[in-house]
Amino acid sequence: MTLPLGPVMLDVAGHALTDDERTRLCHPLVGGVILFARNYDNPTQLAALTADIRTLRVPALLITVDHEGGRVQRFREGFSAVPAMGVLGKAWSDDPVAGCQLARDAGRVLASELIAHGVDLSYTPVLDLDYGVSRVIGDRAFHRDPDATIALATALIDGMADAGMGCVGKHFPGHGFVEADSHVDMPRDARDFDAICAQDMRPFHTLAPRLAGVMPAHVIYPAVDPRPAGFSPFWLQTVLRGQLGFAGVIFSDDLTMEAATEAGDIVARAEAARVAGCDMVLVCNRPDLADTLLSRWQPEVPPTLSDRLCALHARPCADSVCPGSEAYDQAKAQLAALAERTRRA
């Protein structure tokens with residue numbers, strides 16, 4: 001089936017596609033699939049699932065995953081254990097050069113293993129700063145220091161690029177300062193724009209030319225805009241597109257999260273995200289809401305969207321860093337040694 005990629009990213013329930021999921025994924029509004037731990041049993045099964053998804057349409061649906069390392073790593077048995085980014089931050093504090101090399105190693109291993117199993121894109125790196133208060137960010141962040149975060153994220157992005165994968169920076173303009181978890185609550189960050197710009201936005205500003213995608217935070221910054229960042233034209237169009245010059249794809253965070261309900265029902269959420277500036281909206285863990293959205297939403301889809309999404313398909317993993325190569329083996333060994341040092345500390 002030849003069909004341009006659309007602005008909706010959906011999930012699937014298990015280890016293989018059902019007939020209902022095949023039908024849903026062939027809807028013209030769908031442009032990609034996000035995978036979760038429940039979709040993984042072993043490497044062979046994952047490769048078969050992603051191959052099946054690719055056969056549904058031309059161009060192939062974009063296949064994505066939250067695979068950051070640490071506690072947010074969807075595929076484990078048969079995949080390398082990638083450290084939490086905060087572990088890399090501690091390594092940087094001890095030795096910035098060594099810390100950045102470890103971050104590049106992590107990017108190479110993470111991306112090359114995903115590409116080898118048919119995954120195009122991981123929603124990483126987390127560019128939030130670690131203020132030590134956020135229940136949902138924590139050691140998913142590299143560091144409290146914006147400069148350390150920039151250095152480590154640059155190295156991770158370089159490693160992913162070595163393997164043939166782009167990256168998605170999150171959660172713009174910064175989620176680390178608030179305690180509440182947007183999956184179950186509506187976080188509010190009371191700081192003014194200048195304070196956010198001086199600290200949390202610096203990694204996004206510096207790295208904007210390197211990011212294939214950005215995911216905004218389900219956080220309200222009431223001193224700046226009464227709407228969550230993912231539903232705010234000010235944050236996404238005036239600041240991210242205008243002031244920061246970001247030209248990649250803006251992905252909403254999951255529209256079924258509690259913080260997203262601020263915008264109304266699922267159709268209202270999707271439309272609010274689109275009007276704000278999101279190119280693609282994520283609807284996860286609720287196939288009933290996915291069906292409602294696909295049956296009722298009638299967005300204006302830019303004719304350029306499909307090509308922009310296709311540009312995010314992973315390139316074939318470079319021989320020099322693919323699994324089994326010398327560079328891959330060295331990177332994997334360095335990460336294993338870091339894990340052992342961390343365990344003993």
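Here are three short exercises on this predicted model, each with a worked solution.

**Exercise 1.** Work out which residues of helix α3 (residues 85-94) are buried, and what covers them.

*Solution.* Start with the list: Met 85, Gly 86, Val 87, Leu 88, Gly 89, Ala 91 and Trp 92 are buried. That makes 7 of the 10 residues, so α3 is largely enclosed by the rest of the structure. Now look at the cover, which includes β4 (67-69), α4 (96-116), α5 (146-163) and α12 (326-344).

**Exercise 2.** Find the strands that pair with β3 (residues 62-65), and say where its side chains point.

*Solution.* Take strand β2 (residues 30-35) to begin with: it runs parallel to β3, with 4 bridges between them. Here Gly 32 has Leu 62 as its bridge partner. To get from β2 to β3, the chain passes through helix α2 (residues 43-54), in a right-handed β-α-β crossover. Next comes strand β6 (residues 121-122), also parallel to β3, with 2 bridges. There, Leu 121 sits opposite Thr 64. As for the side chains, Leu 62 and Thr 64 point one way, Ile 63 and Val 65 the other, and all are buried.

**Exercise 3.** Explain what the salt bridge between Arg 108 and Asp 162 ties together, and decide whether Asp 162 is buried or partly exposed.

*Solution.* Check the distance: the side chains meet at 2.8 Å, N to O. Then place the partners: Arg 108 is in helix α4 and Asp 162 in helix α5, so the pair ties together parts 54 residues apart in sequence. Finally, Asp 162 has 21% relative accessibility. Buried means under 20%, so Asp 162 counts as partly exposed.

Note on methods: Residues are numbered from 1 along each chain as its sequence is written. This is a predicted model: local features need pLDDT of at least 70, side-chain atom pairs count only at pLDDT 80 or more; totals for chains, interfaces and linings use all residues. Side-chain values use heavy atoms; hydrogens and water are left out. Buried means under 20% relative accessible area, exposed over 50%, partly exposed in between (1.4 Å probe, protein chains only). Contact means heavy atoms within 4.5 Å. Two strands pair if DSSP finds at least two bridges between them. A crossover is right-handed if, with the strands pointing away from the viewer, the path from the first strand over the helix to the second runs clockwise. A salt bridge is a side-chain nitrogen of Lys or Arg within 4 Å of a carboxyl oxygen of Asp or Glu.
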